[in-house]
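This report describes the architecture of one protein chain, from its overall composition to selected strands and side chains. The sequence and structure are shown below for reference.

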Amino acid sequence: MALPTNTMTAGVGGALTADIPLLWGAKINDYFRYNLSLAQFFIDRSDELADGGSDIYTPTIVAMDIATKSNATAVTLNNPIQTKITLTVSTWKESSFLIEDREMAQLKKSYYLQQKFARSAAWEVAQDLDDAIAAQFTNFTLAAQILGLASSNVVDSTLSAAIAILETAGVPVYGGDTAWVFHPNTFYRQIGSVDKLTLWQNTQTEFPRSKAPTRGLYGIPVIVSPAVPLGAGAVGENSARLNLLAYNDAIHWARLSMPVGNGVKGYVGSEGVRIQESYLQQYLGTLISVDLCYGVVQNRTDAAVKIRSHSLAVGL
């Protein structure tokens with residue numbers, strides 16, 4: 001039997017074109033976001049600005065000299081010049097959008113787009129703080145506390161050396177206030193290939209194959225963040241990944257406690273990000289604004305070891 005030639009089709013000009021609806025699905029593709037962790041680790045001084053202010057001064061105690069004492073002689077007096085670290089809170093970032101009533105009525109209700117947009121804006125603003133903290137990694141410039149090369153992977157001996165440097169300087173490495181801060185490429189591609197740190201007979205864990213790799217090295221917690229920056233300009237740091245072994249007092253940050261009021265619906269979210277919503281009748285629309293006013297400073301240059309590494313991994 002010959003095939004029919006006049007079947008009803010849905011193509012352009014087909015008989016069923018007007019009868020088959022084109023539907024938006026029930027799902028929506030949101031973009032991926034990594035966990036913001038740097039602000040949670042380093043020291044938050046925001047509470048000190050609760051009653052106002054823009055700068056926080058942190059006095060730096062200078063070590064006293066010692067002298068030999070002889071009988072019948074006066075003591076030798078110390079008079080060290082004290083210094084201070086200034087944390088200025090003035091960086092103000094915001095992300096806002098307005099949806100007018102007609103478009104709000106037309107949006108598919110199951111998408112909850114207004115809520116998703118607000119959440120995305122809040123994350124972007126909070127990420128700016130994490131990035132600002134990571135940018136401070138370049139400021140750890142004590143030559144004795146810089147390890148690794150831009151052309152090499154991180155090796156076990158580098159990790160041991162970093163611990164030795166901090167302990168020699170008197171930094172409390174063990175106690176929960178010190179952590180490794182690695183870029184994902186450094187942690188998974190480089191450290192993840194070191195047998196001493198990954199094989200069962202050495203670690204009693206199946207690091208490469210476990211569902212969630214243990215975030216710890218030599219008993220020190222590991223923070224993995226894509227915010228870890230690449231070096232630029234400084235000798236030996238062009239294109240180097242700038243990882244850290246850091247005491248949390250190495251970097252301080254603070255945010256202003258911005259008010260939420262005057263009839264505006266709003267709340268304060270993670271890292272102090274303010275989210276506000278107000279209806280603007282003159283535009284017949286809803287305005288969503290997300291903002292954060294913060295400051296970041298390197299507080300103690302001797303409280304971290306900078307570990308330079310290949311940006312990806314040697315051999316890849």
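## Basis and overall composition

A residue is called buried here when its relative accessible area is under 20%, and exposed when that value is over 50%. The model under discussion is a predicted one.

The protein chain contains 7 helices and 14 strands. It comprises 316 residues, of which 38% count as buried. The chain exposes about 18,900 Å², and 56% of this area is supplied by carbon and sulfur atoms. Among contacts between residues at least 6 apart in sequence, 75% join residues at least 24 apart.

## Strand E10 and its partners

Strand E10 spans residues 251-255, and 5 of its 5 residues are buried. Ile251, Trp253 and Arg255 point one way from E10, while His252 and Ala254 point the other way; all are buried.

E10 pairs with strand E1 (residues 43-44) in the parallel sense, over 2 bridges. Within that pairing, Asp44 has Trp253 of E10 as its bridge partner. With E13, E10 pairs in the antiparallel sense over 5 bridges, and here Ile251 is matched with Gln298 of E13 as its bridge partner.

## The E12-E13 hairpin

Strand E13 (residues 285-298) also pairs with strand E12 (residues 274-280), in the antiparallel sense and over 7 bridges. Ser278 stands opposite Leu287 in E13. The hairpin of E12 and E13 has 4 residues between the strands, and Leu284 takes a positive phi near 50°.

## The six-stranded sheet

An open sheet of 6 strands follows the order E5-E14-E9-E6-E8-E7, with mixed pairing. Strand E5 (146-147) and strand E7 (216-217) stand at the edges and have a single partner strand each, so one side of each is left without a neighbour in the sheet. At one of these edges, E7 and E8 pair in the antiparallel sense over 2 bridges, and Leu217 has Ile220 in E8 as its bridge partner.

Helix H4 (residues 156-168) lies across E5, strand E6 (178-182), E7, E8, E9 and strand E14 (304-309). Relative to E14, helix H4 runs at about 160°.

## Nonpolar cores

In soluble globular proteins, nonpolar side chains tend to be buried together. The largest nonpolar core in this model has 55 residues, among which Ile133 and Trp180 touch the most other members. Helix H3 (residues 113-135) gives the most to this core, contributing 9 residues. A second, separate core has 8 residues, including Leu87, Val89, Met258 and Val297.

Beyond its neighbours within four places in sequence, Trp180 is in contact with a set of residues that includes Leu159, Ala162 and Ile163. The contacts of Trp180 also include Leu217, Ile220, Pro221, Val222 and Ile223, as well as Leu244, Leu245 and Ile307.

## A buried acidic residue

Where is Glu237 found? Glu237 is in the loop between strand E8 (220-224) and strand E9 (241-247). Its relative accessible area is 5%, which is under 20%, and Glu237 is therefore buried.

The side chain of Glu237 makes a polar contact of 2.7 Å with the side chain of Lys306. Leaving aside neighbours within four places in sequence, Glu237 is in contact with Lys306 and Arg308, and also with Ile146, Gly231, Ala232 and Leu242.

Methods:
Residues numbered from 1 in each chain as written. Predicted model: local features only at pLDDT ≥ 70, side-chain atom pairs only at ≥ 80, totals over all residues. Heavy atoms only, no water. Buried < 20%, exposed > 50% of the residue type's maximum accessible area, 1.4 Å probe, protein only. Contact = heavy atoms within 4.5 Å. Areas by Shrake-Rupley, 256 points an atom, 1.4 Å probe, with all protein chains shown as cover. Core = buried A, V, L, I, M, F, W, Y, C linked by side-chain atoms within 4.5 Å. Polar contact = N/O pair within 3.5 Å; in protein donor to acceptor, adjacent residues only side chain to side chain. Pairing = 2+ DSSP bridges. Axes fitted to C-alpha atoms, helices over the stretch in contact; angles between N-to-C directions.
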